[in-house]
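Reader: I would like to learn how to read a sheet, its crossover and its confidence values in a model of this kind. Could we work through them together, beginning with the pairing of strands?

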Amino acid sequence: MKAVAYCRIAPEEEASLNAYAIEVQKSDIEAYSKDHDIEIVEYLVDHAGTGIKEPRPELDRILGGMLEEGVQAVLVASTDRLASNVKTYLMYRMQMSQKGYEVVCIEKTSGETGAGKFAPMLGRA
């Protein structure tokens, strides 16, 4: 399967060099893709907060269906790299699905951060 990897970091996260660093996201996604026989054709990176009003040009490319032909999936390190609330996450996920892209969240955690806050509502993110 062909996929793109979508990474996002907010300026305040970037300044603190935390676990959401772009290189950490890329590394985690790359490891997952190798284990699941997924070919990453491009890494798309936005340096922006989670707000839907902030410019996120790479996310806009995905939502607009402007990816390489044959791309079937968008890999993200965690659900909160797309959105910080369920409503926005589901909206993005639906728009991607309409373009023929499956959203694959590689994080397998529970709790109040990342995929955990979405897991009860979404099942497989």
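Author: Strands of a sheet pair through backbone hydrogen bonds, either parallel or antiparallel. In this predicted model, strand 1 and strand 3 run parallel and are joined by five bridges, and within that pairing Val 4 has Val 74 of strand 3 as its bridge partner. The chain then passes from strand 3 through helix 4 (residues 86-98) to strand 4, in a β-α-β crossover that is right-handed.

Reader: How many bridges join strand 3 to strand 4, and which residue of strand 4 stands opposite Val 74?

Author: Four bridges join strand 3, residues 71-76, to strand 4, and these two strands run parallel. Val 74 stands opposite Val 103 in strand 4, while Val 76 stands opposite Cys 105 of that strand.

Reader: In what order do the strands form the sheet, and which of them stand at the edges?

Author: The four strands form an open sheet in the order 2-1-3-4, with parallel pairing. Strand 2 (39-47) and strand 4 (102-105) are at the edges, and because each has a single partner strand, one side of each is left without a neighbour in the sheet. From one strand to the next, the twist averages 25 degrees.

Reader: Which helix lies across these strands, and at what angle to strand 1 does it run?

Author: Helix 2, residues 22-35, lies across strand 1 (2-9), strand 2, strand 3 and strand 4, and its direction is at about 155 degrees to that of strand 1.

Reader: Why is strand 3 described as largely enclosed by the rest of the structure?

Author: A residue counts as buried when its relative accessible area is under 20%. Five of the six residues of strand 3 are buried, and therefore the strand is largely enclosed by the rest of the structure. The same cut-off can be applied to two cysteines: Cys 7 counts as buried because its relative accessibility is 0%, and Cys 105, with a relative accessible area of 4%, is buried as well.

Reader: How many disulfides does a search of the whole structure find?

Author: The search finds zero disulfides in the whole structure.

Reader: Where is confidence lowest, and where is it highest?

Author: Where pLDDT is low, the predicted coordinates should not be read in detail. Here the mean pLDDT of the protein is 84, with 76% of its residues reaching 70 or more. Confidence is lowest in helix 5 (residues 119-122), where the mean is 48, and highest in strand 3, at 98.

Key:
Residues are numbered from 1 along each chain as its sequence is written. This is a predicted model: local features need pLDDT of at least 70, side-chain atom pairs count only at pLDDT 80 or more; totals for chains, interfaces and linings use all residues. Side-chain values use heavy atoms; hydrogens and water are left out. A disulfide is a pair of cysteine sulfur atoms within 2.5 Å. Buried means under 20% relative accessible area, exposed over 50%, partly exposed in between (1.4 Å probe, protein chains only). Two strands pair if DSSP finds at least two bridges between them. Axes are lines fitted to C-alpha atoms, for helices over the stretch in contact, and angles run from 0 to 180 degrees between N-to-C directions. Contact means heavy atoms within 4.5 Å. A crossover is right-handed if, with the strands pointing away from the viewer, the path from the first strand over the helix to the second runs clockwise. pLDDT is the predictor's confidence in each residue, from 0 to 100.
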